[in-house]
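Me: I would like to learn how to read a structure feature by feature, with the general idea first and the particular case after it. Could you take me through this one?

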Amino acid sequence: MVARLDAARLKRDEALAQYTTFRIGGPADLFYDATSTDDLAGAVTAARETEVDYFVLGLGANILVGDKGFRGLVIRNTSHHLQFLEDGRLWVESGAIMAKLIPQAVERGWSGLEHYVGIPSTVGGAVWQNLHFLSPAPARERTMFIAEVFESAELLTERGKRQTVDRDYMQFGYDTSTLHKQRDVALAVTFRLEPGDKAVMHRIMQENLSWRGAKHPWLEYHPSAGSIFKKIEGVGAGRLIDEVGLKGFRHGDAQISHIHANIMVNLGKATAKDVRELIATAQEKVEKRFGYHLEPEIGFIGEF
Ligand SMILES: Cc1cc2nc3c(=O)[nH]c(=O)nc-3n(C[C@H](O)[C@H](O)[C@H](O)COP(=O)(O)OP(=O)(O)OC[C@H]3O[C@@H](n4cnc5c(N)ncnc54)[C@H](O)[C@@H]3O)c2cc1C
């Protein structure tokens, strides 16, 4: 397998913490930067054919990597070529970062992606979990989903075929898509955008960023993986954690944020073990007091 990858981009024992927004995680035995769809497909195929465990990494914004790291190959997806088509379609490789993509769409007057400003994600990660955001402004108070602008995707299927699929195939739901159920890899995505008024889009972005800045701990100072637990309809996982008095509670350097109780932050040297202990404490206290089981939303990757 190693022989099939570009040696200059293949690293050994690469610490993974730096590639996650939590800044937590031990080393990957092998680590490869895939810079195009062909490269990504090639790396995944090489791992599959040689039966090496692999993990496709985006921005690492929805995962907790274990302290012992990952036995196998981590493929970091940095593919980011894109093409805006005249009719509002945008073809983009799946490693493109939403924060870089959104301003380009907005400046061209194409609307649909601006709602997701301020959320750390690659296009692949966004499709994997159907990226969403409850837009705060009174006029648009509903949850927006990336599925709404999704037209098609080129996948490397579980069976090893490159195939273009439509929205039905993706089975988008809340926090989920078909990529959760089978090991398809998103290589590139085509979004369908609408002509939009730049001033309106700028206002939406400003409102969303202001809301986020006020309600969430700032990632620059408090590394996190966003919400830890899945939403409990009509109740709110964060509210339950708050009500059992856990805001600010710590295990080592992992802390339940004072600002948002469903977000755990890394105060500097937090380990995956610290975070797992904090998760267990929150689950135990909430279950005992309210009878709700808090289910983690983040992925647990590698060895703990
Ligand atoms: C501060 C903060 C705020 C957040 N706010 C929100 C929010 O408002 N709304 C929201 O929905 N989420 C939010 N999140 C969660 C996170 O941003 C999303 O889950 C995001 O889509 C993760 O993308 P990623 O590229 O980082 O994926 P990663 O975390 O790198 O990977 C997540 C999963 O996706 C899989 N994956 C990645 N790329 C591909 C691909 N090309 N093909 C197949 N599988 C792939 C990975 O294998 C992994 O299983 C937030 C996170 C943080 C840290």
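Me: How many bridges join strand 15 to strand 18, and in which sense do the two strands run?

Reply: Before the count, a word on the source: this is a predicted model, in which local features need pLDDT of at least 70 and side-chain atom pairs count only at pLDDT 80 or more, while totals for chains, interfaces and linings use all residues. Residues are numbered from 1 along each chain as its sequence is written, and side-chain values use heavy atoms, with hydrogens and water left out. Two strands pair if DSSP finds at least two bridges between them, and the elements themselves are DSSP runs numbered from the N terminus, with helices (H or I) of at least four residues and strands (E) of at least two. Here 2 bridges join strand 15 to strand 18 (residues 263-266), and the two run antiparallel; S224 stands opposite V265 in strand 18.

Me: What is the strand order of the open sheet of 4 strands, and which strands stand at its edges?

Reply: The order is 15-18-17-16, with antiparallel pairing. Strand 15 (224-227) and strand 16 (250-251) are the edge strands, each with a single partner strand, so one side of each is left without a neighbour in the sheet.

Me: Is strand 13 largely enclosed or largely open to its surroundings?

Reply: Burial is read from relative accessible area, where buried means under 20%, exposed over 50%, and partly exposed in between, with a 1.4 Å probe and protein chains only. In strand 13, 7 of the 8 residues are buried, so the strand is largely enclosed by the rest of the structure. Strand 13 pairs with strand 7 in the antiparallel sense over 5 bridges, and there W91 stands opposite T190. Strand 11 (residues 150-156) is joined to strand 13 by 6 bridges, also antiparallel, with A153 standing opposite V189.

Me: How do I read the two sides of a helix, and which residues of helix 2 are buried?

Reply: An α-helix has 3.6 residues a turn, so residues three or four places apart point the same way. In helix 2 (residues 98-107), the buried residues are M98, L101, I102, A105 and V106. Seen down the helix axis, these buried residues fall within an arc of 130° (the arc is that of the directions from the axis to the C-beta atoms), so they line one face of helix 2. The face turned away from the buried side carries the exposed residues A99 and K100. P103 is also found in helix 2 and, at 38% relative accessibility, counts as partly exposed.

Me: What covers the buried residues of helix 2, and which residue with a positive phi follows the helix?

Reply: Cover is judged by contact, meaning heavy atoms within 4.5 Å. The covering elements include strand 6 (82-84), strand 7 (89-93), strand 8 (110-111), helix 3 (123-129), strand 13 (185-192) and helix 5 (198-215). Helix 2 is followed by G109, whose phi is positive, near 85°.

Me: How is empty space found, and what lines the largest cavity?

Reply: Rolling a probe the size of a water molecule over the atoms shows where empty space is left. On a 1 Å grid over the protein atoms alone, a cavity is a set of points where a 1.4 Å probe fits but cannot get out, whereas a pocket is an open set with protein on both sides within 12 Å along at least five of seven lines, and lining residues have an atom within 4 Å of a point. Grid points are joined across faces, edges and corners, and a volume is the space filled by probe spheres set on the points. The structure holds 1 cavity of 30 Å³ or more, and about 50 Å³ of space lies in the largest cavity. Its lining is made of L16, Y19, T20, F55, L57, I63, V65, V74 and I301, and the elements giving two or more residues to that lining are strand 3 (54-57) and strand 4 (63-65).

Me: Which residues line the second largest pocket?

Reply: T78, H80, L82, G95, A96, I97, K100, L101 and Q104 line this pocket, in which about 170 Å³ of space lies. Helix 2 provides the largest share of the lining, 3 residues.
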